[in-house]
Structures are given as C-alpha cells and as structure tokens.
Amino acid sequence: MAKPITTIQKQTITEEEKREKTIEELKTSLTEKEEAVTELLSIIEELHKSGILEAANAMLKAKEDIVKIVIGQANRKPVTTAINHVIGMAQLLANLDPQLTTKLLESTASSIAEAYKQTKEKDKKIGIFDLLKAVNDPDINRAIRFILSSLKEFGKRLDDDKS
C-alpha cells in the first residue's frame, strides 16, 4: 500500500524562473503578432525622426508644470467668458427645433447664393417704384413679414430683460 500524504509541498518559483517564463510568453506573443509589432515600431521610429516622441516625452516629464499653466490660462477672464458663451450657444441650440433650424439655414444659404448669382448677372439700378412693385411679390412679401416678425419678437424679448 502507498504511504499516506502528510504534508503538501508548495512549489515555489524563483524570481529567475518567473523572469524566464515572462520572457518566453513575450517571445510567443511577439511571434504571433509580428506584423502589428513591426508596424508599431515603424510608427515609433517616425515619431522619433520628426521629434514628436521627444516632445511628448518632455511633456510627460513636465506634466505638473503644464497642468499649472493650463489651469492658470483657463482661469483667465477671457477664457471663462468664451466658455460661458459656448455653453450659452449650446443651450440655445438645444432649445431650437432641429428641423426648423435646418430649414432656416438651408433657405438662407440657398437664397444668398441665388441672390449673389442674380446680382452678378443684372447690374440694374433699383428705383422707388421697383421697391413698391417688389412688395407685391408674394416671396418678397413673405420674407419681409418674416423679418418684421423677427424684429418684433426680438424687441419684445429686449423689453422683457428690462423688467
């Protein structure tokens, strides 16, 4: 009969064996991914040749100084004002109907392009009677109504801010 096991011996791996195992795993991994590693090395070489790698390394070493400078610059009044403007514009855009905004922007862009084209083609002086006749044109009348309505609403909002 076999002798009973009374103690369990734990296998201890020395530091040297750990290093050897790690090196073998790295060798295996490198041979399996040879193409990717080669490409990565060529990218690193190009970064080194162009000086970007050196600059990035210097930036990493000076990261605390860079962070202090960036925070100092970000705390300046013009920067905080610009950030507040961006936030305000983002809130304005978030409140607008995307379909309406798209229609207004497309209409504006195409009408400006067409007006430019027509102005280049016709070098005609416009008189007072031409203006009066133009008011009867439904498209011009619609645009004038839009502009006047916009001005009226804009004026109302300005008056609301006074109160």
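How many nonpolar, polar and charged residues does the lining of the second largest pocket have? The residues of that lining divide into five nonpolar, three polar and three charged. The structure is a predicted model. This briefing covers its domains, two pockets, a nonpolar surface patch and a salt bridge.

**Domains**

- The domain assignment divides the chain into domain 1, residues 17-119, and domain 2, residues 126-157.
- Between the C-alpha centres of domain 1 and domain 2 there is a distance of 45 Å.

**The second largest pocket**

- The second largest pocket holds about 380 Å³ of space.
- Its lining includes Leu100, Lys103, Leu104, Ser107, Thr108 and Ser111.
- Asp139, Arg142, Ala143, Phe146 and Ile147 also belong to the lining of the second largest pocket.
- Helices α6 and α8 each supply at least two residues of this lining.
- The largest share comes from α6, which gives six residues to the lining of the second largest pocket.
- The second largest pocket lies between domain 1 and domain 2, because both domains give residues to its lining.

**The largest pocket**

- The volume of the largest pocket is about 740 Å³.
- This pocket is lined by 17 residues, and the closest to its centre are Gln118, Lys122, Ile126, Ala134 and Ile140.
- Three elements give two or more residues to the lining of the largest pocket: α6 (98-121), α7 (128-135) and α8 (138-162).
- By class, the lining of the largest pocket consists of seven nonpolar, three polar and seven charged residues.
- Domain 1 and domain 2 each contribute at least three residues to the lining of the largest pocket.

**The nonpolar surface patch**

- A nonpolar patch on the surface covers about 800 Å².
- Among the residues that make the patch are Leu100, Leu104, Val135 and Ile140.
- Ile144, Phe146, Ile147, Leu148 and Leu151 are also part of the patch.
- At least two residues of the nonpolar patch come from each of α6 and α8.
- Helix α8 gives the most to the patch, with six residues.
- Ile144, one of the patch residues, has its place in helix α8.
- Leu100, Leu104, Phe146 and Ile147 belong to the patch and are also named in the lining of the second largest pocket.

**Salt bridges**

- A search of the whole structure finds eight salt bridges.
- One salt bridge joins the side chains of Lys49 and Glu45, with 3.5 Å from N to O.
- Lys49 and Glu45 are four residues apart in helix α2 (residues 34-50), so about one helical turn separates them.

Methods
Residues numbered from 1 in each chain as written. Predicted model: local features only at pLDDT ≥ 70, side-chain atom pairs only at ≥ 80, totals over all residues. Heavy atoms only, no water. Domains from an automatic or database assignment. 1 Å grid on protein atoms, 1.4 Å probe; cavity = no way out; pocket = protein on both sides within 12 Å on 5 of 7 lines; lining within 4 Å. Points joined across faces, edges and corners; volume = space filled by probe spheres on them. Nonpolar A, V, L, I, M, F, W, Y, C, P; charged D, E, K, R; others polar. Patch = residues over 30% accessible without salt bridge, like charges linked within 9 Å, V, L, I, M, F, W, Y side chains within 5 Å. Areas by Shrake-Rupley, 256 points an atom, 1.4 Å probe, with all protein chains shown as cover. Salt bridge = Lys/Arg side-chain N within 4 Å of Asp/Glu carboxyl O.
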